[in-house]
Amino acid sequence: MSFQSWNRWPKLSVVIPALDEEREIGDCLESLASQTFPDFEVIVVDNGCRDATPAIAARYGARVIREPRQGIPYARETGFRAARGKIIASTDADTVVPTDWLERIHQVFEEGPEVVAVFGPYRHKPGSAPRTPVRPLIPIYEEGLVLGQRAVWQLLGLPHFSGANFAVRQEAFFKVGGFRSPEGRLYSDWEDIQLGFKLRKVGKVRYLPDLVVLTSARKLRPALARDMIAGAKMALHVHVLGKPL
């Protein structure tokens, strides 16, 4: 299955950063090709691929744009700036979205002119974690830490975007400076989360708890505790000290 021939100025754009994702990106693009909402384009940002990722994306009819500076913030920024839709959705190459994903996103923006962004949660694909001692801990991590964090952010009124599952009005994205700090420096990490914090100051950000995508748990490593500590340090830097990463 492949995408339709999109309009020159589609209503929505979907941006997908990708680095050597030939094993995963086909499922992602297949889920986008099955969307119930028809008027959108897909932009795959080739972030230095050495495999067949760009060719697979091209076969599906995606726009493939190259960003030689490696790093998700670079790739996501390049894709968002190339987007032609008035609404820009973000997902990842190892993520599968539901068939009504774009339809529901579009509906939220249509019904709420004051809405500048919408986001939802992610769950891990069953069996996608590496075969290490980490695998049995995934359900605990997902149901406990991840969902608990989201509940705290919602209680505090802090939108905690995941790059795999959010969308923003193009106008609002540029109004707040995109994935860049007030000084114009591209964020080094958590570019999605820091964008959400800025957007809540210029309009309404909607969280849809049942707009769930499935993403790979392959990056969860045996050093899970170390990763959690690193995440806590970044949270302290951003949330408490108020400094961009």
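Helices (H or I, at least four residues) and strands (E, at least two) are DSSP runs, numbered from the N terminus. On that basis the protein chain has eight helices and 10 strands. This is a predicted model: local features need pLDDT of at least 70, side-chain atom pairs count only at pLDDT 80 or more, and totals for chains, interfaces and linings use all residues. Residues are numbered from 1 along each chain as its sequence is written, and side-chain values use heavy atoms, with hydrogens and water left out.

**Exercise 1. State how much of the protein chain is buried, and how its contacts spread along the sequence.**

Step 1. Buried means under 20% relative accessible area, exposed over 50%, partly exposed in between (1.4 Å probe, protein chains only). Of the 245 residues in the protein chain, 53% are buried.

Step 2. A contact means heavy atoms within 4.5 Å. Take contacts between residues at least 6 apart in sequence: 78% of these join residues at least 24 apart.

**Exercise 2. Explain why helix H1 counts as largely enclosed, and list what covers its buried residues.**

Step 1. H1 spans residues 25-33. Seven of its nine residues are buried, so the rest of the structure largely encloses the helix.

Step 2. The buried residues are Ile-25, Gly-26, Cys-28, Leu-29, Ser-31, Leu-32 and Ala-33.

Step 3. Their cover includes strands E1 (12-18), E2 (40-46) and E5 (95-96). Helices H2 (53-59) and H4 (101-111) also contribute.

**Exercise 3. Find the strand partners of E6 and give the sense of each pairing.**

Step 1. Two strands pair if DSSP finds at least two bridges between them. Strand E6 covers residues 115-119, and five of its five residues are buried.

Step 2. E6 pairs with strand E9 (residues 204-207) in the parallel sense, over four bridges. Val-115 has Lys-204 of E9 as its bridge partner.

Step 3. E6 runs antiparallel to strand E8 (residues 166-169), with three bridges. Here Ala-117 stands opposite Val-168.

**Exercise 4. Classify the ring pair Phe-173 and Phe-174, then place both in their cluster.**

Step 1. Rings of Phe, Tyr and Trp (its six-membered ring) pair if their centres lie within 6.5 Å; planes under 30 degrees apart count as stacked, over 60 as edge-to-face and the rest as tilted. The structure holds eight aromatic pairs.

Step 2. The ring centres of Phe-173 and Phe-174 are 5.3 Å apart and the planes stand at 80°, so the pair is edge-to-face.

Step 3. Phe-173 is buried, at 0% relative accessible area. Phe-174 is partly exposed, at 36%.

Step 4. Both belong to one aromatic cluster, with Phe-80, Phe-119, Phe-161, Phe-166, Phe-179 and Tyr-207.
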